Amino acid sequence: METFLSVILSDLATKSIAFLINKCSKPTASNMEERLQRLLLRAQIIVEEAEDRLITNQGMLLQLNILRKEMFRGYYALDRFRCRGHEEDDAKDHQVSNSFAQSKFNPAKRVRFFRISGHSLQEQLQQVVGSIEVTLEDMSVFVMFLNSCPHLCRQPYSMHLLLDKCLFGRQMEMEHIMNFLLKEDSPGAESPGVLPIIGRRKAGKSTLIEHACNDERVRNHFSQIVCFSDDDLKDAYMVTLRHCGSIKNENQCTGGKRILIVIELIRDIDEAVWRRLYSASKSYVLNGSKIIVASQSDKIARFGTTQALRVELFTEEAYWYFFKVRTFGSMDAQEHPKMALMAMEMARELQGCFMGASIYSGLLKANFNARFWNMALASIREYKQTNLLVYGTYFENPWQASEPAYVRTVNKISSEYLVILDEYQTCSVQNMVLCRTNFARSEAEVPMLSMQDFLFGSVRPQGKFKVLAWKSHLPPYYNHMFNCEVQRKHHVVAKKKRSLELCS
C-alpha cells in the first residue's frame with residue numbers, strides 16, 4: 001500500500017511540476033505577435049526576391065509556393081489577432097445610414113470569425129508561428145540556389161504598385177505555361193503539343209495566357225500567335241485555320257515558322273469538332289508549334305498532350321493579402337485597426353471574387369473613412385442576402401453566378417435595385433488588337449456611368465443602360481461591363497415570393 005501511494009504521489013508531483021513549468025514558459029500574446037511579425041518579414045524578403053528572379057527549377061517553384069502560402073496564412077492570422085481588441089468598440093461606435101441600419105457588425109459573426117475549429121486565436125497564432133519557422137528553416141538551400149537565378153527586368157515597385165503591374169501569386173502557373181511553350185518537342189512526340197488550362201469563371205485563365213503571350217521569349221520563339229474564340233470554331237471554318245481567328249503577334253525575324261494557337265472557350269467543345277480542328281492544325285502548322293486551350297470544363301483535359309494546368313481560386317488567406325494590399329496601398333493597416341476589421345469582413349463576404357476585390361478596393365481607397373466603408377460592407381451583405389432569397393441555396397456564391405443579380409442602391413432611394421442582366425468585356429486602348437475578335441467589343445462602348453456612381457452616388461438612370469464595373473489593370477486590359485436596368489422594390493419582392501413558392 002505504501003509503495004502504491006508513493007507511486008501515485010510521485011506521478012502527481014511530476015505532472016504538477018510539468019504543468020507549472022509549461023505555464024511559466026508559455027509565451028505571451030504580445031511575444032507571439034512580435035515573433036510572428038519578424039518571421040513574416042523574413043518570409044516576405046525571400047518571396048519578393050524570388051519573384052524578381054527567373055526560376056525554372058520545378059522543385060524551387062514548389063518550395064516557393066509553400067513559403068508563399070505560409071506567408072499569406074501568417075499575415076491573415078496576424079491581422080485577425082490585431083483586430084480582436086476592437087470588436088466591442090466597433091459594435092458600439094459604428095453608425096450607418098438609415099437605409100443600412102441593420103448592417104452593424106453581428107457579435108455572433110465575429111465570434112465565429114475569431115475562433116475557428118475550437119482553437120483560440122492565440123493557439124492558432126502559436127501554430128502558425130511554428131509552421132512558418134519550420135518552413136523558413138527548410139529554405140536555406142533554396143536561398144543559396146536563388147542567387148544563381150537571373151534577375152527579371154523589373155522596376156523596384158512597392159508591393160501595392162507591383163500588384164497593379166504584375167500577376168499576384170501565379171508564378172508557378174506561369175512557369176508551367178512557359179515551360180510548355182519554350183520546351184523543344186522530343187523525338188516522336190505528338191505535334192503540335194496541346195496544353196489544356198482549366199479553371200472556374202473569373203479564376204484568371206485569360207490573364208495568365210495574356211502574360212505568357214506578352215513575354216518576349218514567347219514572342220521571339222513563335223513567328224505568329226493566333227487567338228480563337230467559340231465562334232471561330234464553327235464547322236465551316238474547320239477546313240483550314242488560315243481564314244479565322246485573330247493574329248495577336250507576328251514576328252518575321254523568327255527563323256522558323258512555329259505558331260502558337262490560343263483557344264479560349266466559353267461553352268463545351270464537341271470532341272468531333274476538336275478532332276477536325278486538331279487535324280487542320282497538323283496540316284497548317286510546322287513542328288514545334290503549340291496549342292493552348294482554356295475552358296471551365298474538365299472535358300478538355302483529354303485533348304492535352306501534356307498534363308492539364310488547373311487554375312484555382314486563391315485561398316482565403318491569399319485573397320485577404322491581395323485585398324488588403326490593394327485597399328490600403330502604402331498605408332499600414334495596423335494603424336487603422338477598425339477599418340482593417342471591416343476590410344477583413346468584406347474580403348470574407350466577397351469569397352475570393354477578383355472582380356469584387358477590384359471594384360471595392362478602388363472605392364475604399366478613394367473614400368478612406370469608416371462611414372463609407374461600413375456602407376460598402378452593408379451593400380455587399382445586402383447583395384448576397386437578396387440574391388440568396390431570390391434564387392435559393394443553389395446561388396451559393398453570388399459573385400460567380402451567371403443569373404441576373406440584384407444590387408440595392410446605398411442612398412436614400414432604398415426602394416430601387418440595380419439588376420445586372422449580363423456581363424461582357426470590351427477592349428481597352430492597350431489591347432486594341434483583340435478587338436478584331438468576336439469575343440470582345442470596342443472601347444467605344446464604354447459608358448461614363450460606373451458602379452460607384454450608381455451605388456454610392458445620386459445618379460438615377462432610367463430603363464436599360466450600361467455600367468462600367470471596372471477596368472482591368474493587367475493584360476488583356478479588358479473593361480468589364482454590365483448591362484443593367486433599375487427595378488422597384490416590389491418587383492424584387494414578387495420575384496422572391498415566386499422563388500419561395502417554387503422551393504416549397
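Buried here means under 20% relative accessible area and exposed means over 50%, with partly exposed in between. By that yardstick F368, at 25% relative accessible area, is partly exposed. Keep in mind that this is a predicted model. Here's a quick tour of its ring pairs, one of its strands, its salt bridges and a few spots besides; the structure holds 15 aromatic pairs and 20 salt bridges.

**Aromatic pairs**

- F368 has a ring partner in F328: the two ring centres are 6.0 Å apart, and with the planes at 80° the pair counts as edge-to-face.
- F328 belongs to helix α13, while F368 is in the loop between α15 (354–366) and α16 (370–391), so this contact ties together parts that are 40 residues apart in sequence.
- The two partners differ in cover: F328 is buried, at a relative accessible area of 2%, whereas F368 comes out as partly exposed at 25%.
- Among the 15 aromatic pairs is F168 with F322, whose ring centres lie 5.3 Å apart; their planes are at 45°, so this pair is tilted.
- That second pair links distant parts of the chain, 154 residues apart: F168 sits in the loop between α8 (159–162) and α9 (171–182), and F322 in helix α13 (residues 316–328).
- Both F168 and F322 are buried.
- F168 and F322 also belong to a wider cluster, where ring pairs link them with F72, Y75, F314, Y319, Y321, F323 and F354.

**A charge over a ring**

- Over at F180, the ring has company from a charged side chain: the charged end of K290 sits over it, 4.8 Å from the ring centre.

**Strand β2 and its neighbours**

- Strand β2 covers residues 224–228 and is mostly covered, with five of its five residues buried.
- Its side chains split two ways: Q224, V226 and F228 point one way, I225 and C227 point the other way, and all are buried.
- One partner of β2 is strand β3 (residues 246–250), paired in the antiparallel sense over four bridges.
- Within that pairing, V226 has I247 of β3 as its bridge partner.
- Another partner is strand β4 (residues 259–264), which runs parallel to β2 and is joined to it by five bridges.
- On the β4 side, I225 has L260 as its bridge partner.

**Salt bridges**

- In general terms, side chains of opposite charge can pair when their charged atoms come close.
- One of the 20 salt bridges joins E49 and R53, with the closest N and O atoms 2.9 Å apart.
- Its two ends are covered to unlike degrees: E49 counts as partly exposed at 30% relative accessibility, but R53 is buried, with a relative accessible area of 9%.
- K299 and D268 meet through their side chains in another salt bridge, at 3.5 Å from N to O.
- The K299–D268 pair links distant parts of the chain, 31 residues apart, with K299 in the loop between β5 (290–295) and β6 (309–311) and D268 in the loop between β4 and α12 (271–284).
- K299 is partly exposed at a relative accessible area of 46%, and D268 counts as partly exposed too, at 47%.
- R302 and E271 form a salt bridge as well, at 3.4 Å from N to O.
- Here R302 is in the loop between β5 and β6 and E271 is in helix α12, so to speak two distant parts of the chain that are 31 residues apart.
- R302 counts as partly exposed at 48% relative accessibility, and E271 is partly exposed with a relative accessible area of 37%.
- Elsewhere, E345, E349, R381 and K384 are joined into one network by salt bridges that share partners.

**Surface patch and a loop contact**

- V141, M144 and F145 make up a nonpolar patch on the surface, and together they have about 300 Å² of accessible area.
- F145 of that patch is in helix α7 (residues 140–146) and counts as partly exposed at 44% relative accessibility.
- R460 is in the loop between α17 (451–456) and β9 (464–471), where it is partly exposed, with a relative accessible area of 48%.
- R460 and V486 are 26 residues apart in sequence, and in space their C-alpha atoms are 8.7 Å apart.

Terms used:
Residues are numbered from 1 along each chain as its sequence is written. This is a predicted model: local features need pLDDT of at least 70, side-chain atom pairs count only at pLDDT 80 or more; totals for chains, interfaces and linings use all residues. Side-chain values use heavy atoms; hydrogens and water are left out. Patches are made of residues with over 30% relative accessible area and no salt bridge: like charges are joined within 9 Å, nonpolar side chains (Val, Leu, Ile, Met, Phe, Trp, Tyr) within 5 Å. Accessible areas come from the Shrake-Rupley method with a 1.4 Å probe; for residues, only the protein chains shown count as cover. A salt bridge is a side-chain nitrogen of Lys or Arg within 4 Å of a carboxyl oxygen of Asp or Glu. Buried means under 20% relative accessible area, exposed over 50%, partly exposed in between (1.4 Å probe, protein chains only). Rings of Phe, Tyr and Trp (its six-membered ring) pair if their centres lie within 6.5 Å; planes under 30 degrees apart count as stacked, over 60 as edge-to-face and the rest as tilted. A charge sits over a ring if NZ of Lys or CZ of Arg is within 6 Å of the ring centre and within 35 degrees of the ring normal. Two strands pair if DSSP finds at least two bridges between them.
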